[in-house]
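Colleague: I should like to learn how to read unusual backbone geometry in a model. May we work through an example together?

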Amino acid sequence: MAKRFVTTKVEVEGREETKTVELPSRNPSPWQDDAELHVVGQRVQRMDALEKVTGAARYTADVQLAGMLHAALLRAPAARGRVTALDLSPALAIPGVRGAIAFDDVPDVKLDGVRLFDRTIHYANQPVAAVCADSLEIAERAVRAIVCTIEPEPPVVSAESALAPDAARVRPHGNTHRSSPRILSRGDVDEGFREAEVTIEREYRTPVALHTALEPHGAVADWSAGSVTVWESTQGVFNTRADLAEAFGLPLTAVRVISHYMGGGFGAKNGASFAAYTAVALSKRLGRRVRCLFDREGEQTDAGNRSATIQRVRIGARRDGTLTAISLDATIALGIGGWLAGPARIYHELYRCPNVRSAETFVFTNTAPMSSFRAPGSVEGAFGLECAMDALARELGMDPLELRRRNYATHDQDKRRPYSGKHLDECYRLGAERFGWDTGRRRKRDDTSPVRRGVGMASLTWGAGGGPPAYATVRINQDGTIDVLTGTQDLGTGARTVMAQIAAETLGANVDDVRTVLGDTERLPFTPNSWGSITTASVGPAVRVAAEEARDSLFEAAAGMLDADPDDLESRDSEIHVKHSDRCLRFSEVCEKLGDVMIIGQGSRGPNPDKTALSAFGAQFAEVEVNVETGNVRVLRIVAAHDSGRIVNPTLAESQLEGGIIQGLGYALYEERMLDGRSGLPLNPTMHDYKVPTVADVPQIDAFFVGTADVVANHTGAKGLAEPPIIGVAPAIANAVADALGGATDVTEIPLTPWRVQASIERAR
Amino acid sequence: MRLIVNGAEHDVAAPDHETLLTTLRDRLSLTGTKLVCARGECGACTVLLDGISAYACLTLTAACDSRAVTTIEGLGRDSDLDPIQAAFVEHDALQCGFCTPGQIMAAASLLHENPAPTESEVVRGMSGNLCRCGAYPKIVRAVQAAALSANGKSANG
């Protein structure tokens with residue numbers, strides 16, 4: 001008998017893990033590219049749109065429980081130092097205050113390397129204490145009454161200062177992560193550079209970017225009789241449950257985590273938040289329901305960020321453009337903690353090159369910890385690599401797109417695996433065609449006007465194949481309606497709708513009869529976090545298996561009623577037909593006859609194919625106008641061609657592309673967390689001063705999908721698509737700006753604020 | 001004091017410094033109006049005050065005595081959606097949805113003042129409302145479609 005439990009490789013956020021998986025009860029044959037599908041692939045309306053346009057959708061921030069108390073946090077007004085005195089009693093003396101907690105009152109838990117309410121201050125705005133009161137207003141007033149003395153020390157604010165020989169120690173073992181430098185190498189780069197006929201060398205810099213989700217990190221906790229229910233704004237209810245259960249010494253059965261709606265995550269909400277630990281600790285202590293939400297300054301300063309990088313890049317090539325060597329030496333500023341989302345990976349993957357070497361140094365500083373942020377690492381890496389490719393193209397006098405085509409990677413070269421599907425060549429072809437790349441490149445330059453036009457492009461890749469474990473249950477109700485139960489989350493991506501479509505397709509149901517129930521650890525089977533663009537490709541196949549099981553049961557029941565063999569039945573629009581006859585029954589009729597028999601199908605996600613790379617691809621093109629007198633950059637249009645396998649819902653998928661592109665635009669032009677270089681205190685912790693794009697900043701966007709169902713990746717043929725669209729935008733824009741400036745200067749640093757552009761122009765003079 | 005919200009009268013004992021946002025969310029449990037920046041920077045708390053958009057986070061409840069406040073809950077519901085809400089649904093002009101009530105209320109004010117805006121007028125009118133998911137292209141399309149459908153309706157009597 002074949003083994004039921006096997007291992008398989010799953011990639012999440014650029015990290016590959018080995019997972020155990022129980023083989024699903026069945027392994028449906030893939031929906032081929034030319035399969036006749038009726039619901040999957042359709043522009044079905046977003047299923048929770050009605051709740052969202054009427055204000056009925058209840059987010060964590062909207063949960064109001066009877067008798068609920070409100071918590072507020074005291075945050076350190078220094079970036080480094082030690083709490084030498086902390087007196088909570090003045091806060092507790094204020095009428096309406098119900099409790100206060102600090103270091104000694106919470107479990108010994110570290111969040112990104114920092115103990116909850118740590119008495120050692122590692123970064124500005126680190127929480128020091130929390131107060132809980134009848135209203136938020138009283139809690140905030142009480143926080144200001146706390147007497148807190150901090151003995152400050154000079155903070156280590158930048159990666160460069162942390163690496164200086166006389167730098168103070170940021171973490172006990174030193175200022176770099178123990179794995180640093182992390183070296184990844186194939187071939188022999190020294191030999192590759194000797195073979196090169198042309199070599200370029202550049203240094204690129206990227207900023208710290210902030211997620212700026214509109215709904216802040218926050219939780220509502222209801223501790224009662226040894227169990228706790230927690231509403232949390234999270235991308236992972238099961239991760240949050242595991243974190244809280246461990247911290248508070250509870251079995252998983254005593255922790256229920258709910259996230260029905262959430263107002264943006266973008267990678268920063270992947271487990272129990274500081275707010276959740278605080279709310280649970282206070283609820284446990286007081287026996288009351290407690291809400292703790294980050295305020296906006298807390299969200300902008302202590303809720304994760306994209307690491308700043310410095311990337312020193314060398315690329316060697318032959319005169320015909322063939323790459324012979326790529327080397328990267330990168331410094332990545334983590335802040336006080338986080339994980340190692342370095343820029344190197346895309347340097348190894350995007351182009352065919354026998355000799356690639358990267359060295360990544362991860363640096364600790366006295367700044368807030370990083371966290372995943374939409375395609376972490378690869379957004380930063382794509383900026384360096386893709387700008388360097390353009391610098392090489394200029395050096396060679398070659399069309400940048402042609403240079404990329406000449407170095408097309410046909411397989412994952414580091415791991416020596418074929419891709420399950422790769423249609424980047426189609427992205428190049430169709431993207432260039434719709435953009436008018438050749439015309440744009442040939443356009444005559446008008447150097448008399450201060451406003452110059454330029455075009456640029458960049459390509460991208462991202463591991464987005466998903467994988468196990470993920471589970472779903474499909475239930476057919478007594479009236480023929482269908483519930484899809486799965487413990488995933490919908491961050492605004494459209495997961496609710498996508499899962500309902502996959503179930504409806506499989507069952508032959510009308511999609512309007514299907515609802516998806518998600519975001520609740522108590523009532524729903526496990527799925528992983530909604531991260532790494534994995535949800536559709538991970539959960540979708542589980543939903544399909546569950547729906548197939550349910551359909552088979554339904555057909556068996558209907559077969560008797562229709563006096564037919566189950567194999568002779570087919571269904572469409574919630575009607576079961578006997579093939580080649582006019583006999584049919586609606587789902588509702590079958591279910592009515594069954595009475596209270598409940599048809600239930602269970603499904604799970606099977607293993608990934610062996611020795612195969614599962615990736616999404618894309619090519620993005622930008623046209624800009626640069627005013628050489630003011631340094632102002634205006635992006636006129638973006639064309640983005642993406643290959644993410646089968647698209648379950650084109651409307652929702654295009655929304656993801658547009659959103660990712662607009663976030664990429666912000667990263668390219670405006671967004672940059674500013675800290676005072678000496679004190680490490682935040683300078684732009686508001687939505688006015690930290691510039692995210694507004695509607696007035698948005699260029700014309702033409703974003704679309706090429707490619708076909710990836711039937712090797714999984715049996716739905718879908719791959720992930722939420723993260724890829726942010727990856728190529730900044731380099732495409734930077735390359736277009738360099739083109740507008742006549743190629744005499746390189747653009748090496750983002751965001752492309754007017755003063756940076758002017759500095760580039762100055763350098764060229 | 002007397003507060004008229006979505007056509008219903010409420011006796012509200014709000015202190016003088018309380019914002020309309022707090023009153024709506026915490027006293028009246030109208031949580032469709034969102035708290036995001038609390039300082040008039042993002043537009044998520046946009047409501048209508050006598051038909052004109054206002055940031056609820058910067059408006060004192062005390063200043064709203066006997067004035068008509070309209071929130072997203074009062075605009076339209078279920079099968080009786082306002083054309084703007086219907087257009088947001090149809091054009092998928094939202095993702096996470098957290099900014100959506102504010103966007104829709106801003107659009108309502110815009111279309112009230114300018115029933116047939118050009119694209120650039122829509123962009124200018126909506127530029128005070130941030131959407132981090134980047135639903136902007138579809139928001140612009142939805143507002144334009146809502147204007148067309150409302151005008152179509154009135155033209156047809």
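Modeller: Let us begin with a term: helices and strands are DSSP runs, numbered from the N terminus. This is a predicted model. With that numbering, S29(B) lies in the loop between α1 (20–27) and β3 (46–49) of chain B.

Colleague: What is the sign of phi at S29(B)?

Modeller: The general idea is that most residues other than glycine have a negative phi. S29(B) is not a glycine, yet its phi is positive, at about 55°.

Colleague: Is S29(B) buried or exposed?

Modeller: A residue is exposed if 12 or fewer other C-beta atoms lie within 10 Å of its own, and buried if there are 20 or more. S29(B) counts as exposed because it has 10 C-beta neighbours inside 10 Å.

Colleague: Where is A375(A) found, and why does A375(A) count as buried?

Modeller: A375(A) also has a positive phi of about 55° without being a glycine. The loop between β19 (356–364) and α10 (378–396) of chain A holds A375(A). A375(A) counts as buried because 32 C-beta neighbours fall inside 10 Å.

Colleague: Which residues does a cis peptide bond join?

Modeller: In general, most peptide bonds are trans. Here, a cis bond links S180(A) to P181(A), with omega about -10°. P181(A) sits in the loop between α4 (159–163) and β11 (182–186) of chain A. Another cis bond links I750(A) to P751(A), with omega about 0°. P751(A) belongs to the loop between α19 (729–740) and α20 (754–764) of chain A.

Terms used. Residues are numbered from 1 along each chain as its sequence is written. Chains are lettered from A and ligands numbered from 1 in the order in which they are written. This is a predicted model: local features need pLDDT of at least 70, side-chain atom pairs count only at pLDDT 80 or more; totals for chains, interfaces and linings use all residues. Helices (H or I, at least four residues) and strands (E, at least two) are DSSP runs, numbered from the N terminus.
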